[in-house]
Amino acid sequence: MSFTPFALEEWQSRYEHSVAYNLADSGCHPVALGELLGDDPQAVRRLLAIDLHYPPVGGTDPLRALIAEWHGAEAGNVLVTVGAAEANAITVAGLVSAGDHVVVMEPGYRQVRGLALNAGAEVDAFPLDPDNGWRPDLAALESVVRPDTKLIAITNPNNPAGTILTAAELEAVVAVAERVGAWILADEVYRGTERLTDEITPSLWGRYDKLVCVGSLSKAFGLPGLRLGWLVASPATVEATWRHHEYATIATSMLSMHLAEVALRSRDRLLTRNRALIRDGYDRLSKWVADSNGLLSVVPPQSTALAFVRYDLPMTSSEVADALRTEGSVLVGAGEHFGIESHLRITHGLTPEYLDAALSSITKVLRNYQA
């Protein structure tokens, strides 16, 4: 059986530390450890007193309770993982087998697609429509789902388009899944990154029985270096995925779990900090797009620190991304890596000076390729 590489992550792992400006990451400028702990000297003492032993494999009890509160669940519904990446991987490993049918949302982060293909499943996509503000094409979802569909994977808010699904759209997805008995995998890592409101995007948790919700501290909380994520599911599903977790990683680190508890107890402060970066960053990026004289365009995202920018050049997105890397020392995500061409995923939730310099470098390179 052929192997499908994770093209986006391969691109980032090869080049993200060798450019002057990395706009390919998908979160905000990261929180420093001192910023997370704050001015409380007791917080530092507690951190330094931690025994670096094996942690509870499924997560500490306080951490599982804090995550459950974030989704409106119970602690027994939570399994702590090494990032959302592991949560997605062990969910697919537990639910999808060779010959199964999986449906994914595109454009999208293509991890679940690749995992399913590598498991021997057949994968189809339903689109977000750029001509309709990147809203989901629910008629296409209806047509692509089959009686034997095993899993429907969505990302809400969406990566890379920043779309937040409405209650009616979510109800439609649930209705389609329920009609054929499919599972839903809801990647909710971007909850809390809303650009236009302070209201947190509601979790899908509690609206369907055959459901796994995934989250992490990497995006809204600005803590990707902790590599801490989770899944929320029924107790039976938690137990089943836990068995895969024991093979995959056993556990994330004791330090990560401790700092995750600190972060979730500081939730409002961290969300406010990162929303400020997102809102200022998008204002800067949108002005940059407007000043491009038609070379660039973008559908304003409702959420995330991302913009999915369309360019008007006779080049593939991978060609444009490689030119930006080699000629401008800027790394961005190629639209091809999300299932759609003529677009670039650009992270904007960064410090103003860094973002402005990176965007200026992109402009200089793109101008060289205009007719």
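## Loops, cores and helix packing in a predicted model

Arg227 sits in the loop that runs between β8 (211-216) and β9 (229-232). This is a predicted model. Arg227 has a phi near 50°, a positive value in a residue other than glycine. Is Arg227 buried, partly exposed or exposed? Its relative accessible area is 38%, and because that value falls between the 20% and 50% cut-offs, Arg227 counts as partly exposed.

Ser342 also has a positive phi, about 60°, although it is not a glycine. Ser342 belongs to the loop between β13 (333-334) and β14 (343-347).

**Strand β14 and Leu344**

Strand β14 contains Leu344. Leu344 has a relative accessible area of 3%, so it is buried, the limit being under 20%. Which residues does Leu344 touch, leaving out those up to four places away in sequence? They are Ala307, Phe308, Val309, Tyr311, Ser317, Val320, Ala321, Leu324, Val332, Gly333, Ala334 and Gly335. Leu344 is also 9.2 Å from Pro160, C-alpha to C-alpha, with their positions 184 residues apart in sequence.

**Cis prolines**

Two peptide bonds that lead into a proline are listed here.

| Cis peptide bond | Omega | Place of the proline |
|---|---|---|
| Glu106 to Pro107 | near 5° | Pro107, loop between β3 (101-106) and α6 |
| Asn156 to Pro157 | near -5° | Pro157, loop between β6 (149-155) and α8 (167-180) |

**Helix pairs**

Two packed helices are described by the angle between their axes and the distance between the axes.

Take α5 and α6. Helix α5 covers residues 83-95 and helix α6 covers residues 111-118. Their axes come within 10 Å and cross at roughly 35°. The crossing is right-handed. From α5, the contact uses Ala85, Asn88, Ala89 and Val92. From α6, it uses Gln111, Val112, Leu115 and Ala116. How many nonpolar, polar and charged residues does the contact of α5 with α6 have? It has six nonpolar, two polar and no charged residues.

Now α4 and α10. Helix α4 spans residues 61-71, and helix α10 spans residues 254-265. They pack at an angle of about 35°, with their axes 9 Å apart. The crossing of α4 and α10 is left-handed. Pro62, Leu63, Leu66 and Ile67 make the contact from α4. Met257, Ala260, Glu261, Leu264 and Arg265 make it from α10. By class, the contact of α4 with α10 holds seven nonpolar, no polar and two charged residues.

**Nonpolar cores**

How many residues does the largest nonpolar core have? It has 59. Those with the most contacts inside it are Ile152, Ile154, Leu204, Leu217, Phe221, Leu223 and Leu228. Ile152 touches Val103, Leu141, Val145, Val173, Val176, Ala177, Ala182, Trp183, Ile184 and Leu185, not counting residues up to four places away in sequence. A second, separate core has 33 residues, including Val19, Tyr282, Ile346 and Val365.

**Cysteines**

How many disulfides does a search of the whole structure find? It finds zero. Cys28 has a relative accessible area of 7%, so it is buried, being under 20%. Cys213 is buried as well, because its relative accessible area is 0%, again under 20%.

Key:
Residues are numbered from 1 along each chain as its sequence is written. This is a predicted model: local features need pLDDT of at least 70, side-chain atom pairs count only at pLDDT 80 or more; totals for chains, interfaces and linings use all residues. Side-chain values use heavy atoms; hydrogens and water are left out. Axes are lines fitted to C-alpha atoms, for helices over the stretch in contact, and angles run from 0 to 180 degrees between N-to-C directions. Helices (H or I, at least four residues) and strands (E, at least two) are DSSP runs, numbered from the N terminus. A crossing is left-handed if the near helix is turned anticlockwise from the far one by less than a right angle, and right-handed if clockwise. Contact means heavy atoms within 4.5 Å. Ala, Val, Leu, Ile, Met, Phe, Trp, Tyr, Cys and Pro count as nonpolar, Asp, Glu, Lys and Arg as charged, and the others, Gly among them, as polar. A disulfide is a pair of cysteine sulfur atoms within 2.5 Å. Buried means under 20% relative accessible area, exposed over 50%, partly exposed in between (1.4 Å probe, protein chains only). A nonpolar core is a set of buried Ala, Val, Leu, Ile, Met, Phe, Trp, Tyr and Cys residues joined through side-chain atoms within 4.5 Å.
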